[in-house]
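Grab a pencil and work through these exercises with the model open beside you. Each task comes with a solution in steps.

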Number of protein chains: 2
Amino acid sequence: MKSNLVPSADLSAQIAANIRDAIVSGALIVDERLPSEAELSLKFDVSRATVREALKRLAAQSLIRTQRGATGGAFVNRISFEAAQAQQITTSTLLLSMNDVSFETACEARYALERACAPLSAERRKQPHINAMRDEIKVQGEADLTDEAFCASDVAFHRALVDGAGNPVLSYQLAGAVEAMQPLMNMITFTARSRDAIIALHVTIADAIEAGDGAAASAGLTALETETQALARRVFAQRSGSSAQV
Amino acid sequence: MKSNLVPSADLSAQIAANIRDAIVSGALIVDERLPSEAELSLKFDVSRATVREALKRLAAQSLIRTQRGATGGAFVNRISFEAAQAQQITTSTLLLSMNDVSFETACEARYALERACAPLSAERRKQPHINAMRDEIKVQGEADLTDEAFCASDVAFHRALVDGAGNPVLSYQLAGAVEAMQPLMNMITFTARSRDAIIALHVTIADAIEAGDGAAASAGLTALETETQALARRVFAQRSGSSAQV
DNA sequence: TGAAAAAGTAATGTCAGACATTTAAAGTTT
DNA sequence: AAACTTTAAATGTCTGACATTACTTTTTCA
C-alpha cells in the first residue's frame, strides 16, 4: 500500500499523521490491532526505529496503547474522559503560563464557563455534589490553611459545581479552565477578610444550587468573579508598587 | 544527575515524564534548549534511540520543537493557542465518537458553553465577527448546499459567535466543543424546512449580538438548542424505525 | 487422564554503531 | 569586503542484535 505523505517533515511525523488520520476517520476502529512494527516498517518503507518514533507520538496523545508479548502490538485506544481531561489540564496550564494571558482574561473565561453549568447543576442537584461543595466550604474556613490549600479547595468546590451538571462532556471541557487557573490563583495572597468574602459567596452558590435556583447560582458566580478580579487587582497593584521601590 | 523515575513503565515514557515535569514546573523555560540527545542519553543512562522516543512523545504534545543543524537541538516550545486548539479538537472529536456520547449530551454541553459566550459577544460586538455571522447565514440559505456544507457553515457561524467574545481562552476552550459536534451533526439530514428554522434563529442571534442584547442572544441559543435536539430526535427515530423494518 | 511444568514463538523494548542531512559558524580566497 | 569553502555539531535514519514479555504449544509425570 503506497501512502501519500506530506513531504518536508520528519518521516516519523508523516507516518504518525497517516495513522492518526486513519484513526480519526474511523478506518481503524477502537481496539483494532495495528500491524506489527516490522510490518509497518515494510509498508512505509522505513526502519523500525522510525516506525517506533511515530508510534510513540501517537501514544503520547493516547491514540494507541502497546502490549508486549506474542499476541501484543499497538492497539487503537479508546480515549477515556479521564485521560483526555488530564491532557487538557496540562495543555491549558502551559498555555496560560507561557502566553502571558492576563489574570483578568483567564478569570473571565473561567467564570463565564462556570455560569454555563450553574443552571444545569441547579436543575439536577444531586446530594453527593452538594455535599462535596459543603465539605470544601468547611475546609476553606479552617484558620491555619495555607494559601495553596485554600486554592486547592477552591478548585475542588468549583469542580463539584461543574460535575453537578451531570454532563461528562461539560465536565471534561471545564476541567481545563478551572484547573489551569490554579497556578494563577496561587500567586494571590488571601487575607482572612478576602477569604471570608469568598466563603460567603460559596455558601450563597451552594444554597442556590440546593434550592434549584440556577439564576441565583449564576448571580453568585458573577459576584465571585467581581470579588476575585478586585482581589487580584489589589494584590498585583501592591506587588508592582513594592517591587518598583526595590 | 540521577533522576528518580517512576518504575514499571517504558524508559522513554519515564524520561518524557521527567522532562515534561521540568517544563510544567518552570524548571525549563520557553525557548530554552534541552541538552543534546547524546547528552541526555548519558544523563539518563539510556541509548540515544530511547531518548529520541521520549522527545517524540513531547513533540507530539507540542511541548518541544526540534531544529537540525549545528546550533540545533530540542527547545521548549511556547504552546500557541492555535496548536492547543488543534489538539483539543482532535481529542474532543475522538472522545465523542469513541465513547458513545449521546447527541443529546454533546448538544447540551455545546449550547451551554455557547450561552456563556453570548453576553460577552454582545457586549463587545465587533463588526468583523458580526459580518462573519451574516456571511455564514447567507451561505446557509443557498439552495443547492449539501448537508455537510451546511454543517460546516453552521460551525463557522458559531465560531464567529464565540470569537466575538474577544477572549482567546474562551475561544480555545470552546473550539473543541463546537468542532467536535460536527461529525455528529453530519449524521443529520437537514430538510429545507429545518434549515429555514435554523437560519431564522441564526438571524435572531446575530441581530441580538449586534444590538448588544446578550439575554436575547442567549434565548436564541436556547431556542436553537431545542430545535436541534428535536430535529435530531426525529431523524434518529425515523432511522431506527426504518432500520428495524429491514 | 489431566494438570503442572517446560519449551517455543512472536511481539515490543533497548542498545550500539554507523551514515546521511542540515545548518550555522569559522576560515579562505578573490 | 564579499563570496565561497570548509568544518563541526546537531538531528534524522538505517541496520542488526539482544532482552524482555506473555501467550501458545508441547512435554512431563503424578
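**Exercise 1.** In which crossing, left-handed or right-handed, does α1(B) pass α3(B)?

*Solution.* Quick housekeeping: this is a predicted model, where local features need pLDDT of at least 70, side-chain atom pairs count only at pLDDT 80 or more, and totals for chains, interfaces and linings use all residues. Residues are numbered from 1 along each chain as its sequence is written, while chains are lettered from A and ligands numbered from 1 in the order in which they are written.

- Step 1: the crossing of α1(B) and α3(B) is right-handed (the near helix is turned clockwise from the far one by less than a right angle; anticlockwise would be left-handed).
- Step 2: helix α1 of chain B spans residues 11-25 and helix α3 of chain B residues 48-60; their axes come within 8 Å and cross at roughly 55° (axes are lines fitted to C-alpha atoms over the stretch in contact, with angles from 0 to 180 degrees between N-to-C directions).
- Step 3: that angle is why α1(B) is oblique to α3(B) (under 35 degrees is roughly parallel, over 145 roughly antiparallel, 65 to 115 roughly perpendicular, the rest oblique).
- Step 4: among the contact residues are B:Ile15 and B:Ile19 of α1(B), and B:Ala54 and B:Leu58 of α3(B) (contact: C-beta atoms, placed from the backbone, within 7 Å).

**Exercise 2.** Work out how α6(B) and α7(B) are arranged.

*Solution.*

- Step 1: take the axes of α6 (residues 127-140) and α7 (residues 147-163) of chain B, which come within 9 Å and cross at roughly 165°.
- Step 2: α6(B) is therefore roughly antiparallel to α7(B).
- Step 3: for handedness, this crossing is left-handed.
- Step 4: the contact includes B:Met133 and B:Ile137 from α6(B), plus B:Phe150 and B:Phe157 from α7(B).
- Step 5: sorted by class, that contact has nine nonpolar, three polar and two charged residues (Ala, Val, Leu, Ile, Met, Phe, Trp, Tyr, Cys and Pro are nonpolar, Asp, Glu, Lys and Arg charged, the others, Gly among them, polar).

**Exercise 3.** Find which residues are the closest to DNA strand C.

*Solution.*

- Step 1: count 22 residues around the strand (C-beta atom, placed from the backbone, within 6 Å of it).
- Step 2: pick out the closest, namely B:Leu11, B:Val46, B:Thr50, B:Gly69 and B:Ala70.
- Step 3: split this surface by class to get seven nonpolar, ten polar and five charged residues.

**Exercise 4.** How many residues does each of chain A and chain B give to their contact?

*Solution.*

- Step 1: chain A gives 42 residues and chain B gives 42.
- Step 2: chain A's side divides into 23 nonpolar, twelve polar and seven charged residues.

Conventions. Helix = DSSP H or I, 4+ residues; strand = E, 2+ residues; numbered from the N terminus. Contact = placed C-beta atoms within 7 Å. Near = placed C-beta within 6 Å.
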